[in-house]
Amino acid sequence: MLQEVVATRYVTPLREGGSLPGIVEADDLGTYVMKFTGAGQGRKTLVAEVVCGELGRRLGLRVPELVAIELDPVIGLAEPDQEVQELLKASAGLNLGMDYLPGSLGFDPLAYEVDPAEAGRVVWFDALINNVDRSWRNPNMLVWHGDPWLIDHGATMIWHHNWPGAQASAAKPYNASDHVLAPFAPDIAAAAAALAPLVTEELLTEVVAQVPDVWLEGEPGFDTTDRLRRAYVEPLLARAGSIHERILMEAPAAPRPSQVPGWLTEHLTPWPHPTKKDRAARADTGRTSKDGDR
Ligand SMILES: Nc1ncnc2c1ncn2[C@@H]1O[C@H](COP(=O)(O)OP(=O)(O)O)[C@@H](O)[C@H]1O
Ligand SMILES: [Mg+2]
């Protein structure tokens, strides 16, 4: 199971996402983005975060560390927002924590370039887990210390909302036309060749074993949580072998407007950030660049 920590302080709500996650501190002195069991999206969102986040990290993708956080709602007593109070009250017990990346910025495809190999790995992974939440509208990627990180795997594995149709649903194609990394010529074939052989029954079994039992108990149609864990392994295993043949990607449309102010964009380029000298040299040659000039 995930490492378990105890929340010691509710710091502040994060209002960028739809599920009102909060920043909390815990007894291991860590700071986490907490996703609540009592949120409207339900506990299956948390199961998806664990299965997909742990899988992604084991495939070599950057996913912040995940923990299970024990919450006593009393730590939020000083929080004035009624909505937050209700959420905390409904979430006593185990919740999900993702290591907080301080100073990270939302990924902007116009300000940050990803090479085709990495873009391919991310698109292939999102196809495997059927992630509908990594579009240019809502990238769910952060740039931290110059590298892109993957967050928010709650809206994945649509099949776990309808188990009888799970295997059939897992055979369906993945439309990556709106994927935030579609404009970077993702090398899907190379990603599939490198990653698909890693997605073994053993790896998936290890990944689903990370999910806390309490988020799996009482699922209709499953008499034990072990059976339910097993049900997550099969569709992912089946999909890994051939999903690269069913990734649809229409030609990218015109560049989308950047959502990041120009003065910030230079901080989004990979390390090392351009120095004043680099910028002066660029101005000299009159070259325009995607990075830092807007
Ligand atoms: N690990 C993290 N470190 C820093 N900021 C984060 C982290 N995880 C999420 N955030 C911020 O919180 C927002 C909402 O988180 P997200 O996981 O996308 O939740 P939602 O399910 O509500 O969309 C993100 O868009 C990002 O700005
Ligand atoms: Mg999100």
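Q: Which order do the 3 strands of the open sheet have, and what is the pairing called?
A: Happy to start there: in this predicted model, the order is β6-β7-β8 and the pairing is antiparallel. Strands here are DSSP runs of E with at least two residues, helices are runs of H or I with at least four, and both are numbered from the N terminus.

Q: Why is one side of β6 and of β8 left without a neighbour in the sheet?
A: β6 (105-106) and β8 (147-150) stand at the edges with a single partner strand each, so one side of each has no neighbour in the sheet.

Q: What makes β6 and β7 a pair?
A: Pairing takes at least two DSSP bridges between two strands. β6 and β7 (residues 141-144) have 2 bridges, in the antiparallel sense, so they pair. Glycine 106 stands opposite leucine 142 in β7.

Q: Why is leucine 236 called buried?
A: The label needs 20 or more other C-beta atoms within 10 Å of the residue's own (exposed is 12 or fewer, partly exposed in between), with C-beta atoms placed from the backbone. Leucine 236 has 24, so it is buried. This residue lies in helix α7 (residues 225-242).

Q: Which residues does leucine 236 touch, not counting those up to four places away in sequence?
A: Leu128, Val199 and Leu204; contact means C-beta atoms, placed from the backbone, within 7 Å. The C-alpha atoms of leucine 236 and leucine 128 are 6.8 Å apart, although 108 residues separate them along the chain.

Q: How are residues and chains labelled, and which confidence limits apply?
A: Residues are numbered from 1 along each chain as its sequence is written, while chains are lettered from A and ligands numbered from 1 in the order written. In this predicted model, local features need pLDDT of at least 70 and side-chain atom pairs count only at pLDDT 80 or more, whereas totals for chains, interfaces and linings use all residues.

Technical notes: Two residues are in contact if their C-beta atoms, placed from the backbone, lie within 7 Å.
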